[in-house]
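Subject: Structure handover

Hello,

Here is the structure I said I would pass on. My notes on helix packing, cores and a few individual residues follow below it.

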Amino acid sequence: MSDDSRESNGQGPEAHENVPSRQRTRFPGISSRTYEHPADRSALVALRKLSGFDTVFKALSGLLPERSLRLLFLSDSVRVSDQQFTHLNAMLRDACDILDLEKVPPMYVNQDPQPNAMCIGLDEPIIVVTTGLVELLDEEEMRAVVGHEVGHALSGHSVYRTILLFLTNLALRVAWIPLGNIAIMAIVTGLREWFRKSELSADRAGLLVGQDLKASMRGLMKIAGGNHLHEMNVDAFLAQAEEYEAGGDLRDSVLKILNVLPRTHPFTTVRAAELKKWAESRDFQRIMDGHYPRRTEDKDTSVTGSFRESAASYASNVKNSKDPLMKLVSDIAGGAGDLGGRVRRGFGGSGSSAPGDSTPPKDQPPRDED
């Protein structure tokens with residue numbers, strides 16, 4: 001497809017033709033609201049309401065060494081262009097064309113065996129992919145990843161990602177200052193919660209760009225299990241997500257929460273299951289048919305409506321979840337009885353009276369107290 005007017009990688013306008021392996025649907029004027037997960041938007045709103053966040057954000061916006069960051073990648077990584085990693089350059093331009101992102105972000109390949117990709121930057125986004133990721137994925141799998149990062153750029157996620165990276169490093173340096181570390185870690189924890197949700201949004205953007213659910217699934221499986229597709233199966237991989245959500249008791253539910261808190265990304269099986277569910281939804285089909293929000297409508301978007309959508313999404317997730325803790329929460333909301341006994345059983349108890357419980361067994365009459 002022709003893309004002569006699109007500015008590429010900060011190198012100025014140039015004549016260049018992308019030739020995707022197959023024709024893909026474009027989404028002119030698409031708003032990031034189209035693919036953003038409701039939990040992403042609500043987590044970001046909650047983050048902005050976190051005490052001290054605005055102050056830290058404003059201070060860091062002027063202090064973060066963004067120019068230094070750009071110079072670092074320019075000097076010690078390979079910039080994707082028509083001369084270097086040309087296949088990635090074609091994917092990047094194609095992804096920006098599909099999501100109608102006018103300015104193509106600079107993209108760098110960084111030497112690192114760990115498969116990873118990120119979109120960072122305050123003024124303008126920068127996309128970075130590691131050699132480990134480039135070597136791991138095939139063309140269509142990589143196309144979904146590039147679309148994922150372009151989705152981050154379109155949503156403006158790069159700003160908060162950059163602050164998260166900075167604060168994480170800062171927290172390590174001031175760990176010896178009790179109150180300072182607690183304040184920073186509170187914001188870091190909020191940022192991580194939001195970023196995990198934003199990954200679900202970007203996965204959707206990657207699917208809109210690649211338009212190949214199987215490739216997206218393969219990519220996530222490879223990130224989890226390496227380049228051994230002949231040893232893996234998508235259905236079995238998704239079954240792991242089902243088992244992860246439904247398995248165990250309340251102790252496992254608590255451990256799941258503790259395991260995910262330090263992470264910036266959701267667990268891979270969970271991402272795969274979430275993406276498959278969205279791909280099979282009516283909303284996704286409507287988008288593919290051309291029915292989606294436009295950026296020109298963003299200024300008229302109701303904040304209250306976004307809150308309601310997020311709340312409805314969370315309520316639906318809790319109601320339909322098979323996780324023991326979420327089921328208990330749903331039962332509490334529904335007014336179910338004998339919750340004390342259910343909690344004891346959930347944590348491995350027998351369901352009999354706990355120590356100190358004054359309720360007598362049913363086959364014995366109550367005793368008079370002295």
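Helices (H or I, at least four residues) and strands (E, at least two) are DSSP runs, numbered from the N terminus. With those labels, F85 sits in the loop between β1 (78-79) and α4. Please keep in mind throughout that this is a predicted model.

Overall

The chain contains 16 helices and four strands. Of its 370 residues, 42% are buried. Taking contacts between residues at least 6 apart in sequence, 74% join residues at least 24 apart.

Helix packing

Three helix pairs are worth going through, and they form a series: α4 with α6, α6 with α9, and α9 with α12.

Helix α4 (residues 86-98) and helix α6 (residues 139-155) have axes that come within 9 Å and cross at roughly 50°. Angles of 65 to 115 degrees count as roughly perpendicular and those under 35 as roughly parallel, so α4 and α6 are oblique to each other. The crossing of α4 past α6 is right-handed. On the α4 side the contact involves L88, M91, L92, D94, A95 and C96; on the α6 side it involves E139, M142, R143, V146, G147 and V150. By class, this contact has eight nonpolar, one polar and three charged residues.

The axes of α6 and helix α9 (residues 213-225) come within 8 Å, and the crossing angle is roughly 90°. This makes α6 roughly perpendicular to α9. E140, E141 and A144 of α6 meet A215, S216, R218, G219 and K222 of α9. The contact of α6 with α9 has two nonpolar, two polar and four charged residues.

For α9 and helix α12 (residues 268-279), the axes are 9 Å apart and the packing angle is about 175°. The two helices, α9 and α12, are therefore roughly antiparallel. From α9 the contact draws on L213, S216, M217, L220 and A224, and from α12 on T268, R271, A272, L275, K276 and A279. Sorted by class, the residues of the contact of α9 with α12 are seven nonpolar, two polar and two charged. S216 of α9 appears in the contact with α6 and also in the contact with α12.

Nonpolar cores

In soluble globular proteins, nonpolar side chains tend to be buried together. Here the largest nonpolar core has 46 residues, and those with the most contacts inside it are F27, L88, L99, V129, M142, V150 and L208. Another core, of 11 residues, lies apart from it, and includes L122, V159, Y160 and F195. L88, M142 and V150 also belong to the contact of α4 with α6.

What does V129 touch, if residues up to four places away in sequence are not counted? Its partners are L88, M107, Y108, V109, N110, N116, A117, V134 and M142.

Pairs far apart in sequence

M288 is in helix α13 (residues 282-288). M288 and T25 are 263 residues apart in sequence, but their C-alpha atoms are 7.2 Å apart. Not counting residues up to four places away, M288 touches T25, F27, L208 and Q211; F27 and L208 were named above for their contacts inside the largest core.

Y292 follows in the loop between α13 and α14 (303-320). Is Y292 buried or exposed? With a relative accessible area of 8%, Y292 is buried. Its C-alpha atom is 9.9 Å from that of P28, with the two positions 264 residues apart in sequence numbering. Neighbours within four places aside, Y292 is in contact with F27, P28, G29, I30, T34 and I287. F27 is thus listed as a partner of M288 and of Y292.

L69 belongs to helix α3 (residues 66-76) and is partly exposed, at 24% relative accessible area. The C-alpha atoms of L69 and I120 are separated by 9.4 Å, and the two residues are 51 apart along the chain.

Backbone

Most residues other than glycine have a negative phi. Two residues should be looked at with that in mind. F85 has a positive phi of about 50°, and at 30% relative accessibility F85 is partly exposed. D100, in the loop between α4 and β2 (107-110), has a phi near 55°, also positive. At 21% relative accessibility, D100 counts as partly exposed.

Regards

Methods:
Residues numbered from 1 in each chain as written. Predicted model: local features only at pLDDT ≥ 70, side-chain atom pairs only at ≥ 80, totals over all residues. Heavy atoms only, no water. Axes fitted to C-alpha atoms, helices over the stretch in contact; angles between N-to-C directions. Parallel < 35°, antiparallel > 145°, perpendicular 65-115°, else oblique. Left-handed = near helix turned anticlockwise from the far one by under 90°. Contact = heavy atoms within 4.5 Å. Nonpolar A, V, L, I, M, F, W, Y, C, P; charged D, E, K, R; others polar. Core = buried A, V, L, I, M, F, W, Y, C linked by side-chain atoms within 4.5 Å. Buried < 20%, exposed > 50% of the residue type's maximum accessible area, 1.4 Å probe, protein only.
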